[in-house]
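Dear colleague,

I am handing over the structure below, and I would be glad if you could look through it alongside the notes that follow. They deal with cysteines, internal cavities and one serine.

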Amino acid sequence: MRMKMAMNKLLKIVRKPLHPRSQFTPPTASPSLIPSTPIPTLSLAKTSHHQLHEFLKAHLTPSFTPRDLLIFLKNKLHYHPKFAHFDLHIFAWASTIDSFRHDHSTYEWMVKTLAITDRFDDLHSLLHGMVSKPCPCSDGIFSCPRSEPIFRFALNAFCRVGRLDDAEIAFESMRRMIDGKPSVAMYNILINGYAKCREHEKAMNVYQKMTKDRVKPDVFTFNSLISSCCRNSLFGLALEMFKEMKDKGCSPNVVSFNTLIKGSFRERKFEEGIGMAYEMLELGCEFSNVTCEILVDGLCREGRVLEACDLVIDFLEKGALPNGFNYFFLIEALCGEENVHRALEVVDQLWRKGNAPSSISCTTLIEGLRRFGKTEEAFQIMEKMLREGILPDSVTCNCLLQDLCEVGRTSEANELRLLASTKGLDSDGMTFNILVTGYSREGKRKEGKRLLDEMLDLGFIHDLASYNRYMNGLSAF
């Protein structure tokens, strides 16, 4: 009888929205943000009522516990193709049963489910309900130890989609629930959320509240504030925050420096940005690939390409250049300024020190060398990159083969083709056509005939007429 009465309550809940709209906090995010996915509120058909009733009877005993409900939600309802979207309705229905009370495990599951499925209005209401009806762990003199982690997950979700007012409300609700002060991580989530939405004043207000609560900021706190300053063109204030960071005994990391360097370049303060890079080295902070990309790209975009070259070589000599740094942008800028000789020197120096170029860096350099008629240098780069397993694209390879054939070096071009094949770069019809034409021009009928036979075996010659045309070309010289 008790289970039947409880089921009648559930069917009433399912037939109407879980919460009246007036109880929801109006959405504060901009229209461009991800909208909340509403929980289905249409009435179930009569047959569905019966099916839901039978489904619950099969998996929940009349006097179920929070652990029973959690197992049901996680293992039964969550994967059900028809009733999974009624998870919150069943969660609310369980609250109406006199003998039942949600604990932190059911609250945590429901909070995470609503956050992951972007049901933010319902998440807001659930957190409000959690404050008014807390976990049984809070019945004593101490609060539930899982309260802060639950709110942390919700806070992250709200900040992820820019619902910062909801995040602020959740933060204040959590403060009232927990023992003592919130952890620094909770403040960091809120500060970072405001920083990403360019609400710098609110980010600073949270930081001031944090210091007032005597919560010690960490490197993530200051990195978010420095980023917020730079996003809002407050580079002077960013430097002040950086100084305050060090004054409070917080060691800056590579993210701190990268943010400041990028901010200084955005303000066209290049000397300050480069000075910060050298300060990193003095403090023993290693460069990341991002650090070098910010420096090189920033200087090259301003036309200070040679200065970027000198900087990279200096970092290389100091052993500060990170492995895997892709200096493509630098090579492209040098080739764009028709300074292919300097580009070749940079690649050679970096390569000899173990900083192998990427495939796109090599092909960019090869194209630059070809454009200025430096076929021999382009050939040497291509051969070296193939021997080290760096594969070019087929277009670049074919263009270089054609350049070699045009200067009477078809045999070397064919050897390069064979080397590329052993490394995984297959020849195409254009490759063979270039080489056969080159042998024809040099009067090497035997070598050309050998290539024609290979073309025939690989299916690049589709009819006898094409084969005869190639043979006639070989016989004409």
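Disulfides number 0 in this structure, which is a predicted model. Two of the cysteines can be described in terms of their surroundings: cysteine 335 has a relative accessible area of 3%, and because that is under 20% it counts as buried, while cysteine 405, for which the relative accessibility is also given as 3%, is likewise buried.

Turning to the interior, a search of the whole structure for cavities of 30 Å³ or more returns 2 of them. The largest cavity encloses about 60 Å³ of space, and the residues that line this cavity are Ser394, Cys397, Asn398, Leu401, Arg417, Ala420, Leu425, Asp426, Ser427 and Thr431. Two elements contribute two or more residues each to that lining, namely helix H21, which spans 394–406, and helix H22, which spans 410–422. Of the contributors, H21 gives the most, with 4 residues. In terms of residue class, the lining of the largest cavity is made up of 4 nonpolar, 4 polar and 2 charged residues, the charged ones being Arg417 and Asp426.

The second largest cavity has a volume of about 40 Å³, and the residues lining it are Leu73, Leu77, His78, Ala84, Asp87, Trp109 and Thr113. Here at least two lining residues come from each of two helices, H3 (66–77) and H5 (104–116). The class make-up of the lining of this second largest cavity is 4 nonpolar, 2 polar and 1 charged residues, and the charged residue is Asp87.

What can be said about serine 475, and is this residue buried or exposed? Serine 475 belongs to helix H25, which covers residues 464–475. Its relative accessible area is 44%, and because this value lies between the 20% limit for buried and the 50% limit for exposed, serine 475 is classed as partly exposed. As for its position relative to another part of the chain, the C-alpha atom of serine 475 is 10.0 Å from that of glycine 448, a residue 27 positions away along the chain.

When you go through the model, it may help to begin with the lining of the largest cavity, where helices H21 and H22 each give two or more residues, and then to turn to the lining of the second largest cavity, to which helices H3 and H5 each supply at least two.

With best wishes

Definitions and conventions:
Residues are numbered from 1 along each chain as its sequence is written. This is a predicted model: local features need pLDDT of at least 70, side-chain atom pairs count only at pLDDT 80 or more; totals for chains, interfaces and linings use all residues. Side-chain values use heavy atoms; hydrogens and water are left out. On a 1 Å grid over the protein atoms alone, a cavity is a set of points where a 1.4 Å probe fits but cannot get out, and a pocket is an open set with protein on both sides within 12 Å along at least five of seven lines; lining residues have an atom within 4 Å of a point. Grid points are joined across faces, edges and corners, and a volume is the space filled by probe spheres set on the points. Buried means under 20% relative accessible area, exposed over 50%, partly exposed in between (1.4 Å probe, protein chains only). A disulfide is a pair of cysteine sulfur atoms within 2.5 Å.
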